[in-house]
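Hi,

Here is the structure I promised to pass on. Have a look at it first, and then read my notes underneath.

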Amino acid sequence: MNVFYWTVAGTASGLIIVGLWGVLTRKNILRIGLAFTIADTGVNLLLVWSGYLPGRTTPILNGDVPAAEAVSAVVDPLPQALVLTSIVIGVAVAALFVVVAVLASRRLGTADIRRMKELKW
Amino acid sequence: MVTALAVFLPLLGAFLTAWLTHRNERLSLLITRLFLLAGLAAILVIAARLGAVTDGGLENTMILRTGVMTPPLSIDLKVTGWSALAAVVVYVGALLGVGRFSGRIPGTQPLLLTLVTTSLGLMFATDFFNSFVFIEIGSIITIGLTAAGRCRRRWEVALKTAMISGLVTILYLLAVVIVYRTTGELRLTAISTMTGFPAILVSGLLLTVIMTEIKAFPLSGWGLDFYQGVDKNFAAVYSSTWSLAVLLWSARMLTVLPLPDPGVLARIGAGGLVLGQLAGLRQRDPGRMMGYSTSAYASILLILAGTVHGADYLSLTLLFFTFASLSKTTVFLMADPEEEDDPWKKVSGYVLLLPLLCITGIPPFPVFWAKIRMLTVLADISPLLMGAVILGLFFESVYIYRLWSSRTGPWQKKRKYFDAAFMGAALLAAGTVWTAAGAEQGLSLSGELFRAGFVRDLFLAIFAGGTLLSLPGAFRGGPGEKSPAVWMLVSGVALTLLPLSGNGLTFYVLWEISAFAAVIGVSKGARPSEGTFWFAVFAGAAGYLLLASLVLSDGAVSSPGIPMLLVAAAALLKMGQGGAHLWNVRAYSTAPSTMAAFLSGTSSKAAVFLLVFSASAAAILPLGTSLAWIGALTALGMAAMASLESDYKKVLAYASVSQLGYVIMGIGLTSVLGWTAAIYHTFNHFLFKSILFLGAAGVIARTGTSDYDSLGGLVKRMPLTFTFTLISVIAFAGVPPLSGFGSKWLLYNALVEQGMLPLALVAMFASVVAFLYAFRLLYAVFLGQLAPRHYEVKEAPLAVLAPQGVFTAVLMALSFRPTLLLDRLVPAVASIAGLGGEIPVIEGTALSTSLGYWDAWSVGMMVMGVFGFAFVFYWISGRRPIHVGQLDIGFAGELPPSPEEVHYAGDFFRPFRRALAFLPEIHASKVFGGIVKTADLAGDVFRSLFTGDARTYLLHSLIILTVMILWMKGGTP
Amino acid sequence: MTRLLVSVILTSLGALVYGLLLGGVSRVITASIHGRIGPRLTQNFIDLWKLFRKESSIHHGTMFWMAPMFRLTGGIGVLLLVPIIAGNSVLTNMSFSGDLLLVLYFMFFGCLGMALGAGDSGHPYAVVAVSRGLLQMSAYELSFSAAVLVLALGLGTFSIENIVSAQQGGILNWNVFRFPFATAAALITFLPMNMTYPFNIVLAPQEIPIGPPTEYSSRFLSFMFSGRAIFGVAKLILFVNLFFGGAGSWSSLLIKTFLLYMYPLFVSPVFPRFRTEQSVRFLWFVPTSLVAVDLLRVIL
């Protein structure tokens with residue numbers, strides 16, 4: 001049980017670290033976008049994880065979970081609601097990022113972030 | 001209901017315009033405006049209902065439930081009087097910018113309207129997840145609108161912004177996870193109860209998020225790039241909407257962060273302010289300068305959050321950020337986005353003046369009131385912190401000045417988009433009046449900051465008289481100059497009110513107004529850039545020193561100790577003493593000549609006034625000897641420089657600083673005789689330096705040059721100017737019977753009385769060296785050979801001649817009857833507490849001390865008598881000679897070459913230069929150039945953090961995050 | 001008032017005669033050093049009369065023409081401000097109107113006027129001489145005023161009369177013995193003040209024909225001539241008053257001033273001429289260091 005719990009946390013943290021690592025080290029802006037998505041996934045996983053209560057079931061009120069006992073039987077539903085929003089927003093951001101990245105690389109003739117440094121100092 | 005309208009009306013408009021925008025652009029724009037106006041009306045109603053417009057309603061609250069259930073299942077918005085007022089600015093900013101931005105780039109109205117709603121949402125949001133949603137939407141719109149702009153570098157900006165917001169999302173959500181996990185709540189205020197490691201983690205994460213979002217140094221890199229590269233019209237909208245919203249949200253968050261020690265914020269802010277603004281000094285790109293200024297305000301937010309609490313915090317943040325945002329919007333509205341390198345290239349300095357002054361917080365503009373309140377609080381906590389903040393603000397004012405001063409464009413009346421900018425400026429002006437009227441500390445011209453009495457009235461007469469008499473000549477600038485009359489008048493009126501100010505704050509406000517008006521006046525010169533820059537920098541430094549002193553001594557202009565030291569430093573800078581002459585020489589020589597006359601003759605006396613009045617004698621005493629030595633060495637050094645200089649106006653500038661050295665010497669003696677000498681000489685200097693500079697104005701106006709080598713022989717063409725100049729030269733050289741000797745007599749009596757013989761020797765040496773430049777000035781300009789190109793030169797214009805006549809009349813009266821002044825001055829000075837030494841005795845026209853005596857009237861009569869006798873004797877003893885041509889000289893039987901070749905004026909005192917050759921060359925310009933270079937170098941070091949690679953910026957954030965967490969971890973057991 | 005006027009006129013005339021006479025003496029002595037017959041003792045009177053009788057037919061401008069009057073006024077003014085014989089109430093002339101400081105600064109009056117006239121003449125040589133003269137003056141005034149200030153500080157007064165009376169009662173009370181170094185410095189500055197070798201860079205024969213008065217002739221020159229003679233006497237009296245115990249009687253006045261006048265005559269012929277910057281540097285450092293010795297004595 002605990003193993004699962006910490007595995008999820010570990011995976012999430014790992015995703016975040018891998019994502020940030022990618023963001024900081026990749027040069028191609030599309031790959032950077034991809035790295036962001038990875039990190040984002042990690043964060044979302046962590047968000048779901050934060051509402052997880054050991055030994056409880058999904059927060060869906062059906063025959064298995066009587067409404068009266070729901071409070072003590074299901075995991076915290078709030079993070080699950082939040083993570084939906086977060087995923088949606090994440091998709092929007094990722095889409096926008098890709099658009100910007102593609103257009104930028106077309107305009108600038110390169111997808112290498114090291115060459116997008118006209119503005120500095 | 002009204003609340004909901006206020007927030008969501010723009011969103012409604014967004015849906016409507018999204019449908020309309022490609023069908024009917026004009027209608028769409030109109031609808032955008034209508035919705036914004038309606039929203040503005042709604043938010044105004046709310047603000048009024050909350051009592052925010054009148055004082056004290058900032059904390060009143062109104063809750064807006066947008067769902068049927070209670071949080072967290074509904075979006076719960078909380079409107080306070082504080083945020084309602086800020087929301088007004090959001091609407092105003094959007095209204096001002098929409099025409100310029102959306103009118104130019106079709107299809108952006110829906111996004112812009114959504115941005116307004118999002119901004120309001122963020123400002124009113126009460127829980128973490130709502131804030132998250134708003135932050136994300138805001139970022140998306142920002143990226144979108146950036147990319148929609150029309151400038152070349154928008155893609156780079158958009159990409160960097162997107163990457164930053166990606167990182168912010170991750171860090172922010174991590175914080176949310178920890179908060180929810182630990183407290184089980186999502187209210188923003190919930191975190192304040194957190195403790196232990198989670199609290200540290202959350203603080204670190206949120207602080208990094210906040211610093212990145214508000215662009216606080218060192219996490220400001222992306223913000224600088226943003227302001228540099230973005231479409232300037234979008235920046236106008238952005239400044240007042242999203243940027244302001246983030247600032248206010250951060251302002252709320254910073255107060256609830258569970259930091260072990262909130263003072264840390266102030267230290268981070270102050271450090272960032274100094275280093276970040278130092279980096280800004282090197283900026284040449286105006287857009288980037290605006291970015292640095294934004295970063296300064298971000299640092300200010302951190303400082304405020306760490307030091308100020310309660311109602312003060314609310315009002316200060318509001319004052320700072322709403323006005324700064326509105327000013328920035330106005331500045332950006334004036335930009336021309338088509339000009340990539342310098343969007344303000346075609347804008348006149350005049351129109352940029354008001355918003356830029358607002359940004360720098362010069363009194364009486366609104367930010368100033370917040371600034372001085374903040375500094376007062378800081379002074380109580382840590383003077384060091386206050387000093388750092390003042391230094392940072394000084395740096396900011398330097399590059400903002402640079403931004404302003406490089407504008408040379410004409411008025412842009414015809415450009416239709418300028419209306420919005422003017423509207424913004426008008427709103428700022430209204431805000432200025434409103435805040436000044438409501439400024440808590442209150443300005444007052446009544447009351448008695450300075451002892452009423454003869455000395456004060458004397459200075460009043462100097463300020464008023466000097467302004468009035470310098471003014472007539474200023475209406476028409478000399479060759480290549482514009483008229484500085486308006487600014488001279490503003491400066492002069494402020495100066496004149498100076499002695500009447502009822503409290504320290506009023507004094508400071510008037511001082512600053514006078515200074516910045518003078519800076520603008522100087523900028524009207526023919527070659528303004530360098531001179532004005534140095535003047536602005538030194539005047540700014542003096543102003544900030546004065547401000548520091550004011551704040552440290554709790555509103556008195558100064559008190560003994562550090563405040564006195566600061567005041568003395570300010571006065572010395574203002575008078576160009578001890579090496580600070582750099583600005584005098586550069587500004588006087590490049591300013592319009594009449595402006596130079598005003599600055600040197602009249603305005604410099606403000607510093608004397610400050611020293612004489614602000615400081616009790618007891619406060620000056622510990623500094624006395626050092627002051628006296630600074631004065632003496634300045635007098636000597638500047639006299640030598642004046643002798644070797646070949647530019648008319650520069651010579652006068654050196655001479656002016658040199659003469660003021662005597663004043664400083666006298667003040668440093670802190671004796672009755674010393675101060676009498678100082679004030680007497682101040683009045684004298686006022687007279688003769690005004691005459692000299694006005695004379696120079698006349699000469700330059702007629703000949704178009706101030707170079708000794710090209711002048712000469714003008715006595716034949718400008719006899720009146722020569723006469724006035726001659727009289728004032730004899731006066732400042734201290735030759736009896738004219739008034740300058742009185743100053744010298746009093747000063748030597750004071751010096752020998754105090755046993756300060758070495759000082760007296762230096763003074764004596766300075767005064768004989770003064771002969772060198774005195775004669776050279778008269779000779780090179782007026783005597784010798786008249787150059788053929790000046791054969792047709794006419795006498796100086798009446799507008800400068802008549803004032804010289806008035807000054808000369810007063811000078812002559814003072815020369816023969818110094819007791820007219822001394823009769824009143826001596827008792828007045830003797831009554832100043834704390835001055836030691838003997839009081840000179842006046843009997844009839846004679847003045848005496850235990851050391852010696854002097855009777856100006858009888859000396860005058862003797863000279864007139866003997867001279868008159870010689871004159872008459874010559875007249876009656878033979879025929880009058882005839883006047884011959886200028887080249888009819890005994891030239892060893894040869895024909896003299898051209899007049900220019902015979903006129904010996906350049907490098908006149910070459911042997912003097914040779915005799916001085918053993919001295920190491922110390923140039924003030926090198927010293928200050930060195931300081932500037934060092935600052936630039938240091939600035940470059942910090943600037944090099946911002947490599948332009950977006951990944952570096954992300955790395956900065958992560959490093960700061962790690963450092964902060966480790967630091968706080970180490971700080972708590 | 002009438003007494004004052006009479007005294008002023010008589011003093012000025014007396015000083016003129018005495019000054020011209022001393023000039024004659026110096027010419028005679030110089031001639032005998034050179035082994036020439038030389039001019040008569042009264043040659044200067046004859047020269048002055050000759051110059052005065054000649055008409056000046058041209059001038060170069062107002063300042064040019066007023067300069068000789070400035071020169072004369074400067075000379076007479078200094079003379080009148082210095083009390084001539086201690087205790088003689090009449091011969092104090094105008095000295096009640098100012099102390100030593102006034103005299104020091106009034107000494108510039110004539111120089112400035114002269115310099116302006118030279119400038120107005122438009123002749124480059126005249127101005128070259130003025131630039132040299134002003135430089136040298138700024139240098140010797142430094143050490144001279146240093147010496148004077150040491151005196152003033154030591155005796156606690158700027159009043160010449162008080163300085164004289166402080167030296168009464170025996171030769172050892174003279175400032176030359178009380179302030180030997182300051183006196184030595186002042187005596188060094190006496191040479192450039194009288195424009196003798198090695199400091200005669202202003203008139204500098206062979207280099208710049210005759211210095212500032214290059215363009216002046218006849219009646220103009222006679223005014224300058226008289227002014228210079230009177231100024232010379234005034235300086236002699238000032239030195240006697242400051243350093244040599246003042247004059248209690250006519251005889252002591254004549255003896256002391258005559259001896260003082262002779263001093264440069266016997267010192268200067270053995271020196272060549274300084275360059276301007278050499279002169280300036282010499283005057284900055286040598287006499288001023290001498291004064292510093294006495295200054296330290298006074299302060300400590």
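Below is what I found, grouped by type of contact.

First, a caveat: this is a predicted model.

Let's start with the aromatic rings. There are 87 aromatic pairs over all chains. One of them is Phe128(B) with Tyr172(B), a tilted pair with 6.1 Å centre to centre and 50° between the planes. That pair links distant parts of the chain: Phe128(B) belongs to helix H5 (residues 128-148) of chain B, Tyr172(B) to helix H6 (residues 154-183) of chain B, and the two positions lie 44 residues apart in sequence numbering. Phe128(B) and Tyr172(B) are both buried. Another pair is made by Phe867(B) and Phe70(C), and here the ring centres are 5.2 Å apart with the planes at 55°, so this one is tilted too. Phe867(B) sits in helix H34 (residues 856-876) of chain B, while Phe70(C) sits in helix H3 (residues 62-81) of chain C, so the pair joins two chains. Phe867(B) and Phe70(C) are buried as well.

Rings also meet charges in a couple of places. Arg181(B) lies over the face of Trp49(A), 5.2 Å from the ring centre. Within chain B, the charged end of Arg817(B) is placed over the ring of Trp857(B), at 4.4 Å from its centre.

Next, salt bridges: the structure has 22 over all chains. Asp907(B) takes part in two that I'd look at together. Its side chain meets that of Arg910(B) at 2.9 Å, N to O, and Asp907(B) also bridges to Arg913(B), where the closest N and O atoms are 3.3 Å apart. Which side of the burial cut-offs do these residues fall on? With a relative accessible area of 25%, Asp907(B) is partly exposed; Arg910(B), at 41%, is partly exposed, and so is Arg913(B), at 40%.

Over in chain C, Asp294(C) and Arg297(C) form a salt bridge at 2.4 Å, N to O. The two are three residues apart in helix H11 (residues 276-299) of chain C, which means about one helical turn separates them. Asp294(C) is buried, at 0% relative accessible area, whereas Arg297(C) is partly exposed at 45%. Back in chain B, there is a network too: Glu156(B), Lys160(B), Asp225(B) and Arg288(B) are joined by salt bridges that share partners.

Now for a bit of sheet. Strands S1 (residues 61-65) and S2 (residues 76-80) of chain B run antiparallel and are joined by five bridges. Leu64(B) stands opposite Leu77(B) in S2(B). The side chains along S1(B) alternate: Met62(B) and Leu64(B) point to one face and are buried, but Thr61(B), Ile63(B) and Arg65(B) point to the other and are not.

On the surface, Leu27(B), Leu30(B), Leu34(B) and Leu37(B) make up a nonpolar patch with about 350 Å² of accessible area together. Of these, Leu27(B) is in helix H2 (residues 25-49) of chain B and is partly exposed, at 35% relative accessibility.

Finally, two positions in chain B to click on. Ala591(B) is in the loop between helix H22 (581-590) and helix H23 (593-603) and is buried, at 0% relative accessibility. Ala591(B) is 110 residues from Glu481(B) in sequence, yet their C-alpha atoms are 8.2 Å apart. Val493(B), in helix H18 (residues 485-497), is partly exposed at 41%; from Val493(B) to Ser514(B) there are 21 residues in sequence and 7.8 Å in space, C-alpha to C-alpha.

Cheers

Key. Residues numbered from 1 in each chain as written. Chains lettered and ligands numbered in written order. Predicted model: local features only at pLDDT ≥ 70, side-chain atom pairs only at ≥ 80, totals over all residues. Heavy atoms only, no water. Helix = DSSP H or I, 4+ residues; strand = E, 2+ residues; numbered from the N terminus. Buried < 20%, exposed > 50% of the residue type's maximum accessible area, 1.4 Å probe, protein only. Patch = residues over 30% accessible without salt bridge, like charges linked within 9 Å, V, L, I, M, F, W, Y side chains within 5 Å. Areas by Shrake-Rupley, 256 points an atom, 1.4 Å probe, with all protein chains shown as cover. Salt bridge = Lys/Arg side-chain N within 4 Å of Asp/Glu carboxyl O. Pairing = 2+ DSSP bridges. Phe/Tyr/Trp six-rings, centres within 6.5 Å; stacked < 30°, edge-to-face > 60°. Lys NZ or Arg CZ within 6 Å of the ring centre and 35° of its normal.
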